[in-house]
Amino acid sequence: MFPPFTIAKKYLSYWLNASNKNGHGVHSPFVFDLIIHVLNDRKNEPCFQEIESIRQSLKNNHDFIEVEDFGAGSAVIKSNKRKISKIANSSLKSPKYAQVLHRLVKYFRPKNIVELGTSFGITSAYLAKGNLDAQLYTFEGASSISNVAANNFKKLGINNVELITGDFGKTLPPFLEKNIPIDFAFIDGNHREKPTIAYFESILSHCNEHSVLVFDDIHWSQEMENAWDFIKNNQSVTLSVDLFFIGIVFFRKDFKEKQHFAIQF
Ligand SMILES: C[S@@+](CC[C@H](N)C(=O)[O-])C[C@H]1O[C@@H](n2cnc3c(N)ncnc32)[C@H](O)[C@@H]1O
């Protein structure tokens with residue numbers, strides 16, 4: 001992981017070089033619409049409050065759970081016995097990013113959604129509630145964590161989710177063998193270069209021209225920046241959008257040329 005000072009410098013450089021958040025000067029109609037209808041739409045929805053109250057109760061829960069450590073893990077927590085409150089404070093996408101994922105799902109209406117890295121199911125809830133007709137397949141390695149997520153899905157009345165527990169290396173291949181088309185994926189677990197590229201490549205073969213893939217923490221470390229460079233340069237990616245804390249890629253064939261945007265968010 002980059003030291004906080006390096007991340008701050010990178011963020012400043014991203015912000016200074018990124019396209020204006022009002023879409024001025026963005027010549028791609030697709031990206032302009034994405035800015036106006038998804039990134040800049042800050043309307044509150046009833047489900048936001050429900051999900052945020054679950055997040056708050058996790059933040060107030062100081063019980064310990066025994067957690068198997070998978071992947072690059074969290075920058076903050078090292079031991080295997082972890083406080084629920086600490087995980088809730090350090091590992092989950094903030095409301096701002098979880099809500100933009102919800103709006104992406106609402107806007108693109110994917111049928112099948114994959115999330116790698118469920119944790120307590122907070123972002124999963126935003127994804128699932130973005131399109132109640134969609135099916136969310138969410139993957140979590142640590143069984144104690146996935147038990148908490150399952151309970152949260154119940155509390156929120158979420159029925160369009162399948163929670164798959166186990167190491168991605170063991171659970172993702174049999175899932176992919178089912179050949180379910182992947183219309184949307186959020187990759188938020190095991191933030192290292194090789195695994196991230198491997199997840200991208202295996203998911204890619206189940207994507208179509210209209211699929212949308214979102215990668216978390218693309219500027220978190222040199223490894224994640226390398227993975228992001230690899231992904232956006234893949235020949236099937238026709239458009240990539242860098243929002244600093246997440247990166248989004250598209251495969252649409254109706255763009256004249258491959259484009260990369262960084263957009264202030
Ligand atoms: C950053 S958290 C996910 C946060 C969640 N998407 C959210 O925003 O609410 C990443 C999760 O991925 C899980 N994870 C990391 N590497 C994994 C692996 N190789 N197999 C299975 N789970 C893994 C961790 O246990 C952790 O709970």
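# Report on a predicted model: sheet, helix pairs and three residues

Gln 235 is exposed, with 6 other C-beta atoms within 10 Å. A residue counts as exposed if 12 or fewer other C-beta atoms lie within 10 Å of its own, as buried if there are 20 or more, and as partly exposed in between, with the C-beta atoms placed from the backbone. Gln 235 sits in the loop between H10 and S8. Its C-alpha atom is separated by 9.2 Å from that of Phe 251, a residue 16 places apart from Gln 235 along the chain.

This is a predicted model, in which local features need pLDDT of at least 70 and side-chain atom pairs count only at pLDDT 80 or more, while totals for chains, interfaces and linings use all residues. Residues are numbered from 1 along each chain as its sequence is written.

## Confidence

The term pLDDT stands for the predictor's confidence in each residue, from 0 to 100. The mean pLDDT of the protein is 95, and 97% of its residues reach 70 or more. Over residues 73-77, however, pLDDT stays under 50, and the model has nine contacts beyond four places in sequence for this stretch. A contact means that the C-beta atoms of two residues, placed from the backbone, lie within 7 Å. Where pLDDT is low, the predicted coordinates should not be read in detail.

## The sheet

Helices (H or I, at least four residues) and strands (E, at least two) are DSSP runs, numbered from the N terminus. Two strands pair if DSSP finds at least two bridges between them. Strands of a sheet pair through backbone hydrogen bonds, either parallel or antiparallel.

Eight strands make up an open sheet with mixed pairing, in the order S5-S4-S3-S6-S7-S9-S8-S10. At the edges are strand S5 (161-165) and S10, each of which pairs on one side only. From one strand to the next, the twist averages 15 degrees.

Strand S8 (residues 239-242) has both faces covered: Leu 239 and Val 241 on one side, and Ser 240 and Asp 242 on the other, are all buried. In a regular strand the side chains alternate between the two faces of the sheet. The table lists pairings in the sheet.

| Strands | Sense | Bridges | A bridge pair |
|---|---|---|---|
| S8 and S9 (residues 246-250) | antiparallel | four | Asp 242 and Gly 247 of S9 |
| S8 and S10 (residues 259-262) | parallel | four | Ser 240 and His 260 of S10 |
| S3 (residues 112-116) and S6 (residues 184-187) | parallel | four | Leu 116 and Ile 187 of S6 |

S8 and S9 also form a hairpin with three residues between the strands, where Phe 244 takes a positive phi near 75 degrees.

## Two buried valines

Val 241 lies in strand S8. Val 241 is buried, with 23 other C-beta atoms within 10 Å. Leaving aside neighbours within four places in sequence, Val 241 is in contact with Val 31, Gly 247, Ile 248, Phe 261 and Ile 263. The C-alpha atoms of Val 241 and Leu 204 are separated by 17 Å, and these residues are 37 residues apart along the chain.

Val 114 belongs to strand S3. This residue is also buried, with 26 other C-beta atoms within 10 Å of Val 114. Not counting residues up to four places away in sequence, Val 114 touches Tyr 137, Ile 182, Ala 185 and Ile 203. Between the C-alpha atoms of Val 114 and Phe 200, 86 residues apart along the chain, the separation is 12 Å.

## Two helix pairs

Two packed helices are described by the angle between their axes and the distance between the axes. Axes are lines fitted to C-alpha atoms, for helices over the stretch in contact, and angles run from 0 to 180 degrees between N-to-C directions. Angles under 35 degrees count as roughly parallel, over 145 as roughly antiparallel, 65 to 115 as roughly perpendicular and the rest as oblique. A crossing is right-handed if the near helix is turned clockwise from the far one by less than a right angle, and left-handed if anticlockwise.

The axes of helix H3 (residues 46-59) and helix H6 (residues 122-130) come within 10 Å and cross at roughly 165 degrees. H3 and H6 are therefore roughly antiparallel to each other. Their crossing is right-handed. Cys 47, Ile 51, Ile 54 and Arg 55 of H3 make the contact with Ile 122, Ala 125, Tyr 126 and Lys 129 of H6.

For helix H9 (residues 193-204) and helix H10 (residues 222-233), the axes come within 8 Å and cross at roughly 25 degrees. H9 and H10 are therefore roughly parallel to each other. H9 passes H10 in a right-handed crossing. On the H9 side, the contact is made by Glu 193, Thr 196, Ile 197 and Phe 200. On the H10 side, the residues are Glu 223, Met 224, Asn 226, Ala 227, Phe 230 and Ile 231.
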